[in-house]
Amino acid sequence: MAYKSLRAFIEALEQAGELVRIKTFVDPVLEIAEITDRISKTPGRNKALLFENTGTDFPLLINAMGSDRRMCMALGVNELDDVMRDIESLLKKLSAPKSGIIGKLAMLPELSRFASWMPKVVGGRGPCQEVVMDVLDLGKLPILKCWPQDGGRFITLPAIHTKDPGTGIRNIGMYRMQVFEPQMTGMHWHKHKVSARHFNEYKKLGKRMPVAVALGGDPIYTYAATAPLPENVDEYMLAGFLRKKKVELVRCITQPDIEVPADADFIIEGYVDTHEELVWEGPFGDHTGYYSLPDWYPRFHVTAITHRKDAIYPATIVGIPPQEDAWIGKATERIFLTPIKMTMVPEIMDMNMPVEGVFHNLVITTINKEYAGQGQKVMNAMWGAGQMMFNKILVLSDGTGTSGIKIDDYKNLARYVLNNVNPATDVYFSQGPMDVLDHSCSKLGFGGKMCIDGTKKQEEEITAPLLPFKLHPAFSKGKILSEFPEIKGVNEKPAKEWDIPVLFVAVKKDRPDHVADLHRQLCALNETAGIKMILYVEHTVNADDIADVLWRFCNNVDPKRDHLYGGSDKNILGLDGTRKSKKLDNFERPWPNIIVADDKTIATIDGKWPELGLGTLISSPSLRYKTQLYGGEAAVLDSE
């Protein structure tokens, strides 16, 4: 389904009871983000929010795709798997053998449909250019500052258009843009991204790089900008396929080499001078739930700002999950399962990215296993598949053995997987490219990976009997807490109640190799016999909150560097997911803080809540994390 404008999508959301209009003035600096954080994390009250009084001429839409239902509405489907099935049907038709002229003629309707999705450049100006700002000033837009230690205001939903200077092939990506001046922002494209490669090509040529930023329009444009497409596939071709209608583009006014969606709400045109000094950009409260710390990035200079007469500014916030980006990521998980399965890893049956893994950190995959070593084959294929190269922890299960267990039934799936694992032989460690936002890596963008092969083992793969797990009857949480005062929390519930051979331990480190020493001591206890994994997190984390434990653990661990083996047969795997520091871990990079709202903003929104029309007061999600901060800055001081 194609929406003719962002306003049309808003009308659909409102008719479906999925949108709340807020007429009271709410400041784009910190306040909008705090309200959105409360709403997005409250089941039953999670709605899209339209802030009609932002102190500017423009209303602001946020959390528009922040639920399964709203994400489906944006894509025009009843459920996300509808898109997956549509892609699978198309690929099967295109790849099927064609017998003779009749078979080839039968494909013409499909090829015609395919052609109808291709983007088209139209003449003249589009609705996105109805108003051309006389005075170029980004301050006229309700650009958000989301979190207290953010470096400033950031454009958070920009579809950034660049072109390869050699081939002219377009790329649309989504990278945050920090506003430094009325006519200048940072351009936060990571070194692995296509736009960064375009930048390097322009730099070799000694040319300025034309860039355009689109905001709003059909929400599919926003989704397409986030999609992990192969480099030479036009994002607007994907958008055309999803909306079943081609995207009409118009040329920019001051950067005519760049085309943008005619029906977008805002267009920000400009250039990057590839030989100009970089700008110190950040910090920014990121989707990992931690601040991404400052670094040097290119400057983007604005040459034009145009917009629709009735423009609405779209935005999002990211932070401690779940947020709106979790649902955008879920769409990607479902949409791209079929292309991965049909072109690279045919044995894949299903894939799941738990929200606690913030996309790349944790991926669960079920496969149709037919031979020994197939798990390792899938591991290598997935770590070489596009943006899956950033995956940190890959968990494999086999579909035949998990018959009746859904991939998102984490409790039963974890029991099955770990009962099939010998930690000494079935857990694999590697190194490779990592997301630049991964703060656990000793080196920026390069770190450790881990694959847990929880598939049912064939005869060739078995080195020791795999016995069903039962926690030792003498195991005592109280005894462990009393014998090891550095341990501040133990969660034995998965092992005790669910027969999952794993423990979560919160520990306060105070010396080098502390976790390694503790792991050896715990593994030497008779009571830990049969346990296969112990996950360590820092002492400030509530070990009984499994979601928070997994979120913190997945962010903080470098599996290759931080794994430990204990037990008489080295069959208890420990993984150190605590904060790393130079003093205790010889970790040289700065370590970020988690993201929480400041007390003043929380109090302001508490006081303003009765005016917002959002029902009874929702307490700030940040309150539960205040005790987990190390100081008040974006980066943790090594002394803390």
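Student: Where do E333 and K330 sit relative to each other in helix α10?

Tutor: In this predicted model, E333 and K330 lie three residues apart in helix α10 (residues 324-335), and about one helical turn separates them.

Student: What kind of interaction do the two side chains form, and what is the N to O distance?

Tutor: E333 and K330 form a salt bridge, with their closest N and O atoms 2.8 Å apart.

Student: Is E333 buried or exposed?

Tutor: E333 is buried, because its relative accessible area is 2%, and the cut-off for burial is under 20%.

Student: Which residues are joined with E333 and K330 through shared salt-bridge partners?

Tutor: The network consists of D81, K330, E333, R334 and D350, joined by salt bridges that share partners.

Student: How many salt bridges are there by this rule?

Tutor: The count is 50.

Student: Which residue does D218 pair with?

Tutor: D218 forms a salt bridge with R243, at an N to O distance of 2.9 Å. This pair connects distant parts of the chain: R243 belongs to helix α9 (residues 235-243), while D218 is in the loop between β11 (208-215) and α8 (219-226), 25 residues away.

Student: And are R243 and D218 buried or exposed?

Tutor: Both R243 and D218 are buried.

Student: What about E14 and R21, how do their side chains meet?

Tutor: E14 and R21 meet in a salt bridge of 2.8 Å, N to O. E14 is partly exposed, with a relative accessible area of 34%. R21 is also partly exposed, at 31%.

Student: Changing topic to strand β27: how many of its residues are buried?

Tutor: Six of the six residues in β27 (residues 502-507) are buried. V502, F504 and A506 point one way from the strand, and L503, V505 and V507 point the other way.

Student: Which strands does β27 pair with, and in what sense?

Tutor: Strand β26 (residues 487-491) runs antiparallel to β27, and four bridges join the two. Strand β28 (residues 533-538) runs parallel to β27, with six bridges between them.

Student: Which residues are bridge partners there?

Tutor: Between β26 and β27, G489 has A506 as its bridge partner. Between β27 and β28, L503 is partnered with I534.

Student: What handedness does the unit of β27, α16 and β28 have?

Tutor: The β-α-β unit made by β27, helix α16 (residues 514-523) and β28 is right-handed.

Student: Is there another sheet, say the one with β4, and what is the strand order?

Tutor: Three strands form an open sheet in the order β4-β12-β13, with mixed pairing. The edge positions belong to β4 (120-121) and β13 (259-261); each has a single partner strand, so one side of each lacks a neighbour in the sheet.

Student: In what sense do β4 and β12 pair?

Tutor: They pair in the parallel sense, over two bridges, β12 being residues 248-251. Within that pairing, K120 stands opposite E248.

Student: On to the interior: which residues touch the most other members of the largest nonpolar core?

Tutor: That core has 54 residues, and L61, M71, L75, Y223, L242 and I335 touch the most other members. Helix α1 (residues 6-15) gives the most to the core, with six residues.

Student: What does L242 touch?

Tutor: Leaving aside residues up to four places away in sequence, L242 touches M1, L75, V83, I220, Y223 and I335. There is also a second, separate core of 53 residues, which includes A33, C146, Y291 and V302.

Student: How many residues of helix α17 are buried?

Tutor: Eight of the 11 residues in α17 (residues 546-556) are buried. Among them are D548, W551, R552 and F553.

Student: How many disulfides does the rule give?

Tutor: The count is zero.

Student: Why is C252 not bonded to C128?

Tutor: The closest cysteine sulfur to that of C252 is in C128, 7.7 Å away, which is too far for a bond. C252 is buried, with a relative accessible area of 4%.

Student: And how far is C441 from the closest cysteine sulfur?

Tutor: The sulfur of C441 is 13 Å from that of C554, the closest one, so the two are too far apart for a bond. C441 is buried too, at a relative accessible area of 1%.

Definitions and conventions
Residues are numbered from 1 along each chain as its sequence is written. This is a predicted model: local features need pLDDT of at least 70, side-chain atom pairs count only at pLDDT 80 or more; totals for chains, interfaces and linings use all residues. Side-chain values use heavy atoms; hydrogens and water are left out. A salt bridge is a side-chain nitrogen of Lys or Arg within 4 Å of a carboxyl oxygen of Asp or Glu. Buried means under 20% relative accessible area, exposed over 50%, partly exposed in between (1.4 Å probe, protein chains only). Two strands pair if DSSP finds at least two bridges between them. A crossover is right-handed if, with the strands pointing away from the viewer, the path from the first strand over the helix to the second runs clockwise. A nonpolar core is a set of buried Ala, Val, Leu, Ile, Met, Phe, Trp, Tyr and Cys residues joined through side-chain atoms within 4.5 Å. Contact means heavy atoms within 4.5 Å. A disulfide is a pair of cysteine sulfur atoms within 2.5 Å.
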